[in-house]
Amino acid sequence: MLSFLLDGLHEDLNRVKKKPATDKIEGGDRPDAEVAKESWDTYLLRNKSIVVDSLQGQLKSKLVCPKCD
């Protein structure tokens, strides 16, 4: 419920009125910090609000197969 409310507030308060088209960010063999910075900068091209400024961030998840690593 809270996530839905915050998303609605973000959309209503978004300062980006005309959202530019963006490309998917591919990591490849680049360092995580470089890919994260590029991804966040791309995200901010379309999303700027007090909710993003105060409450949003990035997470990285990694899945490793326990049988074959």
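# Close-up views of a predicted model

Lys24 is exposed, and its relative accessible area is 72%. Everything shown here comes from a predicted model.

**View A. Lys24 pairs with Glu26 in a salt bridge.** The distance from N to O is 3.9 Å. That value counts because a salt bridge needs the nitrogen within 4 Å of a carboxyl oxygen. Glu26 is exposed as well, with a relative accessible area of 54%. The salt bridge therefore joins an exposed Lys24 to an exposed Glu26. How many salt bridges does the model hold by this rule? The count is 7.

**View B. Arg30 and Glu38 form a salt bridge.** Their side chains come to 2.6 Å, N to O. Is Arg30 buried, partly exposed or exposed? Arg30 is partly exposed, with a relative accessible area of 28%. Glu38 also counts as partly exposed, at 32% relative accessibility.

**View C. Helix α2 carries a salt bridge between Asp41 and Lys37.** The N to O distance is 2.9 Å. How many residues apart are these partners in the helix? They are 4 residues apart, so about one helical turn separates Asp41 from Lys37. The helix itself covers residues 32-46. Lys37 is exposed, at 53% relative accessibility. Asp41 is partly exposed, and its relative accessible area is 34%. Elsewhere, salt bridges with shared partners make one network of Arg30, Glu34 and Glu38.

**View D. Cys65 and Cys68 have no disulfide between them.** Searching the whole structure turns up 0 disulfides. For Cys65, the nearest cysteine sulfur belongs to Cys68 and is 3.4 Å away. Why is there no bond? At 3.4 Å, the sulfur of Cys68 is too far from that of Cys65. A disulfide needs the two sulfur atoms within 2.5 Å. Now look at the surface. Cys68 is exposed, with 62% relative accessible area. Cys65 is partly exposed, at 33%.

**View E. The largest pocket holds about 170 Å³ of space.** Which residues line this pocket? The lining is made of Ile25, Asp32, Val35, Ala36, Ser39, Gln58, Leu59 and Lys60. Sorted by type, the lining has 4 nonpolar, 2 polar and 2 charged residues. Asp32 and Lys60 are in this lining, and both residue types count as charged.

**View F. The chain is built as α-α-α along the sequence.** The count is 3 helices and 0 strands. Is the chain compact or spread out? The chain is more spread out than a compact globule, because its radius of gyration is 15 Å, well over the 11 Å that the globule rule gives for 69 residues. The C-alpha trace spans about 45 × 30 × 20 Å along its principal axes. Of the 69 residues, 13% count as buried.

**View G. Lys48 sits in the loop between α2 and α3.** Helix α3 covers residues 50-55. Lys48 is partly exposed, and its relative accessible area is 32%. Now follow the chain to Lys67, 19 residues apart from Lys48. How far apart are the C-alpha atoms of Lys48 and Lys67? They are separated by 42 Å.

**View H. Lys19 belongs to the loop between α1 and α2.** Helix α1 covers residues 2-13. Lys19 is partly exposed, at 34% relative accessibility. Lys37 is 18 residues apart from Lys19 in sequence. In space, C-alpha to C-alpha, Lys19 and Lys37 are 19 Å apart. Lys37 is the salt-bridge partner of Asp41.

**View I. Asp69 has a positive phi.** What is the value of phi at Asp69? Phi is about 60 degrees, although Asp69 is not a glycine. Most residues other than glycine have a negative phi. Asp69 lies in the segment after α3. This residue is exposed, with 73% relative accessible area.

How values were computed: Residues numbered from 1 in each chain as written. Predicted model: local features only at pLDDT ≥ 70, side-chain atom pairs only at ≥ 80, totals over all residues. Heavy atoms only, no water. Buried < 20%, exposed > 50% of the residue type's maximum accessible area, 1.4 Å probe, protein only. Helix = DSSP H or I, 4+ residues; strand = E, 2+ residues; numbered from the N terminus. 1 Å grid on protein atoms, 1.4 Å probe; cavity = no way out; pocket = protein on both sides within 12 Å on 5 of 7 lines; lining within 4 Å. Points joined across faces, edges and corners; volume = space filled by probe spheres on them. Rg over C-alpha atoms; globule rule 2.2 N^0.38 Å.
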